[in-house]
Amino acid sequence: MSEVRSKYKRSSKPTSSSNLNSFQSQTQTLISTMARKSSLLKQTLATILVLLVFYALLNTLLSPANSSSSSSPKSMSKLETTFPFTYANSASIESGFSRENANNFPGKSVLRVYLYELPKRFTHGVIEHHSIARGRQPADDVALLQYPGHQHMAEWYLYEDLNRPDSDRVGSPVIRVSDPDEADLFYVPFFSSLSLIVNTARPAGSSPGSDQTRVMYSDEENQEALVDWLEEQEYWKRNNGRDHVIVAQDPNALYRVIDKFKNSVLLVSDFGRLRSDQASLIKDVIVPYSHRINTYTGDVGVGNRKTLLFFMGARYRKEGGKIRDLLFQLLENEEDVIVRHGTQSRENRRAASQGMHTSKFCLNPAGDTPSACRLFDSIVSLCVPVIISDSIELPFEDVIDYRKIAIFVDSASALKPGFVVSMLRGITTLRIIEYQRELKEVKHYFQYGEPNGTVNEIWRQVSQKLPLIKLMINRDKRLVKRELTEPDCSCLCTNQTGILTSL
């Protein structure tokens, strides 16, 4: 019996140990398997959760209208409550933007302009006085008089444009409104440049040869009368003229009352006779002269352009134009160069047309002010402009890179003997043709009579001023007025050490 027990004990001990080891091994295997499954399950659940969140966000972005279809607050999910703008009706937002666009985003819609009905003394009356001063009889109907051609005709073309029917103005950046309360800007159609050149030697309204004493035409009186008239207008007084547009293209136009208009948008040829507190690139628009010679209708090329450099104009000018006489002295004996003294006349314009159409380059020195009409004559002639005017401002520089169509030479370099001619003779025929192609592309910007020409571009430039005008109007309402010893920040500073001479 004891032997049996002893056997049993000996035999049972190793059996129990073996089973225990087997059980422990199985248990560990099971735990390990369960751990792996648990980890996999967690990863799977996390992945599903991420996918659900991503789907919800994606559905929100792609289907905002469906997400906000219910008008009841109870139907909004927690995500909708957290991100209400995302779930807003995008169609409603877009519609609202379109409605507000005309007021707040003029660059994306037409500009609404109110044309003042000025007394005729400021418009067609000026034309009549100009006509009488040149020996013509007074007109039965001044509205039928034709505006005389001259280099500062922007005032006429803009006035004529606003008086055309809407059907003829398709594509214009502006529309004319009859209700001033609907207007973004107000256009003042005083013919200031024509008024300046009316010959005052003959009494206004008198017949040629009449001895009857009458009141002489006075540009100064008309300027002051215009100010008096405007200062009585409700819409001028409302914003102190800031939302008004007026042309002062001749450098001396409105000279007597220009301070009265320094808040307004001025359309000018340059800033040669304007102070920095009167005009700047920030609020005003540089407009091109009206070209006075025929547009060149031929193709690009130099085959018919035998002259290297051409200029015809007044040799002696005031102020910045003194460089002209010095250039005459340097160039008048150069081979293949034509420089002639000439004033505005029909005969001289014909000669200038012929000269520009048969020359590779056209000289454009400063006049009494930094700009001159011959630049624009050159452009429409496809005669590459050579600009010698250190302080010139140019029209439409946001859309035109003038270095592609013109050569700029600083005054100091231009007055070195032989510099200009040597530089021009070094330019290849292919490069000249490149200039001509660029000129051909942009010349419509300088043709007032073109359907999509200068007038539309001027209006587009004016429309870009509207945000600043609104800013200044609102700023004026809350700023404390103070006396300043220097002009405030109203001018655009330029880099005075930039490129002086270009090719």
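**Exercise 1. Find which residues His 124 touches, leaving out those up to four places away in sequence.**

Step 1. Take contact to mean heavy atoms within 4.5 Å. His 124 then touches Val 142, Ala 143, Leu 145, Trp 156, Tyr 159 and Phe 191.

Step 2. Place the residue: His 124 lies in helix H5, residues 124-132. Helices (H or I, at least four residues) and strands (E, at least two) are DSSP runs, numbered from the N terminus.

Step 3. Now for its exposure. His 124 has a relative accessible area of 9%, so it is buried. Here buried means under 20% relative accessible area, exposed over 50%, and partly exposed in between (1.4 Å probe, protein chains only).

A word on the model: it is predicted, so local features need pLDDT of at least 70 and side-chain atom pairs count only at pLDDT 80 or more, while totals for chains, interfaces and linings use all residues. Residues are numbered from 1 along each chain as its sequence is written, and side-chain values use heavy atoms, leaving out hydrogens and water.

**Exercise 2. Locate the disulfide and say which parts of the chain it ties together.**

Step 1. Look for a pair of cysteine sulfur atoms within 2.5 Å, which is what a disulfide is here. The count comes to one.

Step 2. Name the partners: Cys 362 is joined to Cys 383, with 2.1 Å from S to S. The link of Cys 362 and Cys 383 is right-handed, with 105° about the S-S bond.

Step 3. Trace the chain. Cys 362 sits in strand S9 and Cys 383 in the loop between H12 and strand S10 (384-388), so the pair ties together parts 21 residues apart in sequence.

Step 4. Check burial: both Cys 362 and Cys 383 are buried. Cys 373 also counts as buried, at 2% relative accessibility.

**Exercise 3. Describe the lining of the second largest cavity.**

Step 1. List the lining residues: Arg 324, Asn 364, Pro 365, Ala 366, Pro 370, Ser 371, Ala 372, Arg 374, Leu 375 and Ile 392.

Step 2. Find the elements involved. Strand S9 (359-365) and helix H12 (374-380) each supply at least two residues of this lining.

**Exercise 4. Give an overview of the whole protein chain.**

Step 1. Start with the elements: the chain has 17 helices and 11 strands.

Step 2. Add burial: of its 503 residues, 44% are buried.

Step 3. Turn to contacts. Among those between residues at least 6 apart in sequence, 69% join residues at least 24 apart.

Technical notes. On a 1 Å grid over the protein atoms alone, a cavity is a set of points where a 1.4 Å probe fits but cannot get out, and a pocket is an open set with protein on both sides within 12 Å along at least five of seven lines; lining residues have an atom within 4 Å of a point.
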